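Hi,

Here is the structure I promised to pass on. Have a look at it first, and my notes on what turned up follow below.

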Amino acid sequence: RPLRPGETMARGDFVYGYGKSTHDPAECSPYRALHRYVECVGVRPHVPLESDERRTYYGNFQLGLVDFFRSAQYRAFSHYVHRLGGIYTERWSDQVHFFQSLSLFVEPTRVRNFASIAAKFCHKSLDCLDETVDPR
């Protein structure tokens, strides 16, 4: 039976599914802003921030639970990042923002790696066929 990502997400109570994770250059990551937000708001991250501040999800295959992206906590963090302006002035990546938001608010067990499916959506010139992607 073929893997059906939507069914897998629903059955496993996953919030987010991705095909590959990688790292963005340091200048594309709002890691200082992330730490300030955690300190000011008192959020207790589900993933240690120091371990993967620049981690990002490759944009070729992503599934997300809309309720999470509409949640008050996600919107508050997004508004904070947006108000800082780094998205425009420092090229902060939206993919890094997804990873950081999930690290703050979602248990790692609710994030699913779909590397085998994502490879089907990958252009052969890109490095996204790697099946050794570390699951969160």
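**What I found**

I'll start with a small oddity: Asp13 sits in the loop between α1 (5–11) and β1. Keep in mind throughout that this is a predicted model. Most residues other than glycine have a negative phi. Asp13 is not a glycine, yet its phi is positive, at about 55 degrees. Is Asp13 buried, exposed or partly exposed? With a relative accessible area of 46%, Asp13 is partly exposed.

**The overall layout**

Stepping back, the protein has seven helices and five strands. If you walk along the sequence, they come in the pattern α-β-β-α-β-β-α-α-α-α-β-α. There are 136 residues in the protein, and 44% of them are buried. Take the contacts between residues at least 6 apart in sequence: 83% of these join residues at least 24 apart.

**Three helices that pack on one another**

Two packed helices are described by the angle between their axes and the distance between the axes. Three pairs are worth going through that way.

Let's begin with α4 and α6. Helix α4 covers residues 72–84 and helix α6 covers residues 94–105; they pack at an angle of about 135 degrees, and their axes are 11 Å apart. The two helices are therefore oblique to each other, and the crossing of α4 and α6 is right-handed. On the α4 side, the contact is made by Gln73, Tyr74, Phe77, Ser78 and Val81, while α6 brings His97, Phe98, Gln100, Ser101, Leu104 and Phe105. Sorted by class, the residues of this contact are six nonpolar and five polar, with no charged ones.

Next come α2 and α6. How are these two helices oriented to each other? Their angle is about 25 degrees, with the axes 12 Å apart, and α2 and α6 are therefore roughly parallel. The crossing of α2 and α6 is right-handed. Tyr31, Leu34, Tyr37 and Val38 of α2 meet Gln100, Leu104 and Phe105 of α6. That contact of α2 with α6 counts six nonpolar residues, one polar and no charged.

The remaining pair is α2 and α4. Their axes come within 11 Å and cross at roughly 130 degrees, which makes α2 oblique to α4. The crossing of α2 and α4 is right-handed. The residues involved are Ala33, Leu34, Arg36 and Tyr37 of α2, together with Gln73, Ala76, Phe77, Tyr80 and Leu84 of α4. Seven residues in the contact of α2 with α4 are nonpolar, one is polar and one is charged.

**The cores**

In soluble globular proteins, nonpolar side chains tend to be buried together. Here the largest nonpolar core has 23 residues, and Tyr57, Phe77, Leu102, Leu104 and Phe105 have the most contacts inside it. At least two residues of this core come from each of β1 (16–18), α2 (31–41), α4 and α6. Which element supplies the largest share of this core? α6 does, with five residues. There is also a second, separate core of five residues, and Phe14, Phe61, Phe114 and Ile117 are among them.

Some of these names will be familiar from the helix contacts: Phe77 of α4 touches α6 and is also in the contact of α2 with α4. Likewise, Leu104 and Phe105 of α6 take part in the contact with α4 and in the contact with α2.

**A closer look at Phe114**

Phe114, from that second core, is in the loop between β5 (111–113) and α7 (115–118). Phe114 is buried, with a relative accessible area of 1%. Leaving aside neighbours within four places in sequence, Phe114 is in contact with Leu3, Pro5, Thr8, Met9, Gly17, Tyr18, Gly19, Phe61 and Leu63.

One of those partners, Thr8, lies in helix α1. Phe114 and Thr8 are 106 residues apart along the chain, but 9.9 Å separates their C-alpha atoms. Thr8 counts as buried too, at 9% relative accessibility. Besides Phe114, Thr8 touches Leu3, Phe14 and Arg112, again not counting residues up to four places away in sequence.

Have fun with it!

How values were computed. Residues numbered from 1 in each chain as written. Predicted model: local features only at pLDDT ≥ 70, side-chain atom pairs only at ≥ 80, totals over all residues. Heavy atoms only, no water. Axes fitted to C-alpha atoms, helices over the stretch in contact; angles between N-to-C directions. Helix = DSSP H or I, 4+ residues; strand = E, 2+ residues; numbered from the N terminus. Parallel < 35°, antiparallel > 145°, perpendicular 65-115°, else oblique. Left-handed = near helix turned anticlockwise from the far one by under 90°. Contact = heavy atoms within 4.5 Å. Nonpolar A, V, L, I, M, F, W, Y, C, P; charged D, E, K, R; others polar. Core = buried A, V, L, I, M, F, W, Y, C linked by side-chain atoms within 4.5 Å. Buried < 20%, exposed > 50% of the residue type's maximum accessible area, 1.4 Å probe, protein only.
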